[in-house]
Amino acid sequence: MRIRTLLSSHSLEILLLLVLLIILPLLVLFLFSQQKQEIRKQAATTRHASGSVLPSGLDSSWHLVFDDEFNGRTLDSSKWITNAGRGGTCTSVDVGSVACFDSSAISVSNGNVRIEANKERINGMDYLAGIINTDTKYYFTYGYFDIRAKMPKGAGLWGSIWLYNQAGDDNEIDIVELLGKDPTVAHQTMHSTTTDQHQYNSIGQDWTRDYHDYAVKWQPGRLTFYIDGVAREAVTNGVPSEKLFLLANLDVGGRNAWSGPPGVSTPWPSYINIDYVRVYQQSSPDYQVITGTELSLIHISEPTRQAEIS
């Protein structure tokens with residue numbers, strides 16, 4: 001009996017030890033993950049409260065006016081929509097795309113928004129694509145736009161982070177465009193109705209290997225492109241002065257698109273992963289943030305003002 005009792009006691013101890021060896025590492029990983037999320041939330045709260053954390057090159061005259069750290073479980077619908085046509089079905093940018101933008105291509109997890117492209121037939125199109133943009137939600141005139149993102153590699157993939165206008169004309173600021181067929185070139189471009197386009201290409205590494213900070217400082221009469229805090233090029237002619245909205249999308253090109261078509265080695269699904277979006281402005285009447293509600297009120301009041309004038 002005593003031998004059996006001793007064996008049973010040892011077996012229990014071994015079992016408890018095995019349980020601890022399995023559970024303890026999982027508990028440590030869970031606590032570490034929770035601590036990391038809490039640190040991110042505290043950092044975001046500190047930024048909102050003090051505005052002291054600024055990108056390199058910005059002084060204390062700049063302050064945060066819009067940001068999304070993507071710490072939730074779903075996309076914040078008060079800031080973003082997930083189509084390019086303000087509610088249309090299967091909308092896409094007119095660039096020779098063979099993909100359909102759909103909200104199913106957008107997900108939020110681990111502090112990132114993931115914008116997907118996939119070889120998946122949807123609404124008569126051969127590929128699924130994703131887009132987020134602030135049209136109908138937020139519009140900006142001037143500011144420093146800072147987006148930390150990891151772009152995808154693969155023929156036919158066309159990742160873009162850009163600013164565009166409601167009129168749909170040539171005034172456009174491409175904070176970054178990366179064609180998956182050539183991941184060593186990051187394109188940054190200003191399109192203008194008055195001076196055509198000014199494009200600058202940063203060459204020399206595979207930009208898809210890691211996250212990078214893509215940014216533009218848009219000021220009255222001057223536009224400066226940045227990557228990882230380093231000023232790349234500046235434009236002083238034809239700089240837009242109207243209100244623009246912010247977009248990020250991953251498209252799939254067709255045969256005649258700039259990106260070219262997908263190839264047999266293009267990975268599916270592919271993603272743009274965005275860690276954060278931050279917009280800073282100076283305290284000046286030239287710098288404006290207009291919400292969709294405010295814009296609607298402006299449009300409603302315009303006929304009234306015209307009637308009063310006449």
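This report describes one sheet, one buried loop residue and several salt bridges.

The model is predicted, so local features are given only at pLDDT of at least 70 and side-chain atom pairs only at pLDDT 80 or more, while totals for chains, interfaces and linings use all residues. Residues are numbered from 1 along each chain as its sequence is written, and side-chain values use heavy atoms, with hydrogens and water left out.

**The sheet**

Seven strands, where a strand is a DSSP run of E with at least two residues, numbered from the N terminus, form an open sheet with mixed pairing in the order β2-β5-β15-β8-β9-β10-β11; two strands count as paired if DSSP finds at least two bridges between them. At the edges stand β2 (99–101) and β11 (196–203), each of which pairs on one side only.

The edge strand β2 runs parallel to β5 (residues 127–133) over 3 bridges, and there Ala99 stands opposite Tyr127. On β15, β5 pairs in the antiparallel sense through 4 bridges, with Gly130 and Leu250 as bridge partners, whereas β8 (residues 157–164) is joined to β15 by 8 antiparallel bridges, and Trp158 faces Asp251.

Strand β15 (residues 245–252) is largely enclosed by the rest of the structure, because 8 of its 8 residues are buried, that is, under 20% relative accessible area with a 1.4 Å probe and protein chains only, where over 50% is exposed and the range in between is partly exposed. Phe245, Leu247, Asn249 and Asp251 point one way from β15, and Leu246, Ala248, Leu250 and Val252 point the other way.

**A buried loop residue**

Asn171 lies in the loop between β8 and β9 (172–179) and is buried at a relative accessible area of 10%. A polar atom of the Asn171 side chain is 3.1 Å from the backbone nitrogen of Thr193.

**Salt bridges**

There are 5 salt bridges, each defined as a side-chain nitrogen of Lys or Arg within 4 Å of a carboxyl oxygen of Asp or Glu; three of them are listed here.

| Pair | N to O distance |
|---|---|
| Arg278 and Glu69 | 3.1 Å |
| Arg148 and Asp213 | 3.4 Å |
| Lys153 and Asp206 | 2.7 Å |

Arg278 is in strand β16 (residues 270–282) and Glu69 in the loop between β1 (62–68) and β2, so this pair ties together parts that are 209 residues apart in sequence. Arg278 is buried at 11% relative accessibility, and Glu69 is buried at 10%. Lys153, by contrast, is partly exposed at 42%, while its partner Asp206 is buried at 12%. Through shared partners, salt bridges join Lys153, Asp206 and Arg209 into one network.

Definitions and conventions. Polar contact = N/O pair within 3.5 Å; in protein donor to acceptor, adjacent residues only side chain to side chain.
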